[in-house]
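Here's a quick briefing to read alongside the structure. Take a look at the fold first, then work through the notes below.

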Amino acid sequence: MQPNASGIELVVVLEHLVTLIRQVSTAGGLSTAASSALSRLGRDGPHRLTELAHAQGVSQPGMTQLVTRMEREGLVRRTANSDDRRAVLVEATDAGLDLLRRRRAERADALQHLLDCLDPQDQAAIAAALPALARLVEAARASD
């Protein structure tokens, strides 16, 4: 991608990369929604059900159903919120966190295999872009 390339080029490449990553992440047989919610809980810690639904862009009833399924599978648990007895927190279990680690390892192995097929200059260009991409993600998180 050229330095003055449009955001659309970045979007297209990232969409293809996300699709590839989803295809190689098979551990646990999670749906995209379950994988995303579990990843958020693993990364950011416990959430109220309403906060998790909002953060994931789904309805509260939809998130309730998803959390119920993941709870049945032992990936998440509901706990009482010590600050507000009426509220329930959803958190990843040790089994859920282990599944996240396995899925991340699958993705990393698949991407490493693809990176190994590239010439050293392309590998270096991707490595050089990682800090800027990380800052882009952090800037987006900070604006939420």
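Let's start with a pair of helices: the axes of α3 (residues 49–56) and α4 (residues 60–72) come within 9 Å and cross at roughly 105 degrees. That angle makes α3 roughly perpendicular to α4, because anything from 65 to 115 degrees falls in that class. Keep in mind that this is a predicted model.

**Helix α3 against helix α4**

- On the α3 side, the residues that meet α4 are Leu49, Thr50, Leu52, Ala53 and Gln56. Across from them, α4 brings Gln60, Met63, Thr64 and Val67.
- What is the chemical make-up of the contact of α3 with α4, split into nonpolar, polar and charged? Its residues come out as five nonpolar, four polar and no charged.

**Helix α2 against helix α4**

- Helix α4 also packs with α2, at an angle of about 80 degrees and with the axes 11 Å apart. Here too the label is roughly perpendicular, this time for α2 relative to α4.
- From α2, the contact draws on Ala33, Ala34, Ala37 and Leu38. From α4 come Met63, Leu66 and Met70.
- As for chemistry, the residues of the contact of α2 with α4 are seven nonpolar, with no polar and no charged ones.
- Met63 is worth a second look, since this α4 residue meets α3 and also takes part in the contact with α2.

**The sheet**

- Three strands make up an open sheet, ordered β1-β3-β2, with antiparallel pairing.
- Which strands sit at the edges? They are β1 (47–48) and β2 (76–80), each of which pairs on one side only.
- The pairing of β2 with β3 (residues 88–92) is antiparallel and runs to five bridges. Within β3, Val90 is the residue opposite Arg78, while Leu89 is the bridge partner of Thr79.
- On the other side, β1 and β3 are joined by two bridges, again antiparallel. There, Arg48 stands opposite Leu89.
- Put those together and Leu89 turns up twice: it is the bridge partner of Thr79 and it stands opposite Arg48.
- Is β3 mostly covered or mostly uncovered? Mostly covered: four of its five residues are buried.
- Helix α2 (residues 32–44) lies across β1, β2 and β3, and it runs at about 90 degrees to β3.

**Asn81, a loop residue**

- Asn81 belongs to the loop between β2 and β3.
- Is Asn81 buried or exposed? Its relative accessible area is 8%, and the cut-off for buried is under 20%, so Asn81 counts as buried.
- Setting aside neighbours within four places in sequence, Asn81 has contacts with Arg48, Ala87 and Leu89.
- Arg48 is 33 residues from Asn81 in sequence, yet their C-alpha atoms are 8.2 Å apart in space.

**Salt bridges**

- How many salt bridges are there? The count comes to six.
- One of them ties Arg77 to Glu91, with the closest N and O atoms 2.8 Å apart. This pair links distant parts of the chain, with Arg77 in strand β2 and Glu91 in strand β3, 14 residues apart. Arg77 is partly exposed, at a relative accessible area of 37%.
- Another joins Arg43 and Asp44, where the closest N and O atoms are 3.4 Å apart. Both ends are partly exposed: Arg43 has a relative accessible area of 42%, and Asp44 is at 41%.
- In helix α5 (residues 94–116), Arg102 and Asp98 sit four residues apart, about one turn of the helix. Their side chains meet in a salt bridge with an N to O distance of 3.4 Å. Arg102 is partly exposed at 44% relative accessibility, and Asp98 is partly exposed at 35% relative accessible area.
- Elsewhere, Arg40, Arg43 and Asp44 are joined into one network by salt bridges that share partners.

Methods: Residues numbered from 1 in each chain as written. Predicted model: local features only at pLDDT ≥ 70, side-chain atom pairs only at ≥ 80, totals over all residues. Heavy atoms only, no water. Axes fitted to C-alpha atoms, helices over the stretch in contact; angles between N-to-C directions. Parallel < 35°, antiparallel > 145°, perpendicular 65-115°, else oblique. Contact = heavy atoms within 4.5 Å. Nonpolar A, V, L, I, M, F, W, Y, C, P; charged D, E, K, R; others polar. Pairing = 2+ DSSP bridges. Buried < 20%, exposed > 50% of the residue type's maximum accessible area, 1.4 Å probe, protein only. Salt bridge = Lys/Arg side-chain N within 4 Å of Asp/Glu carboxyl O.
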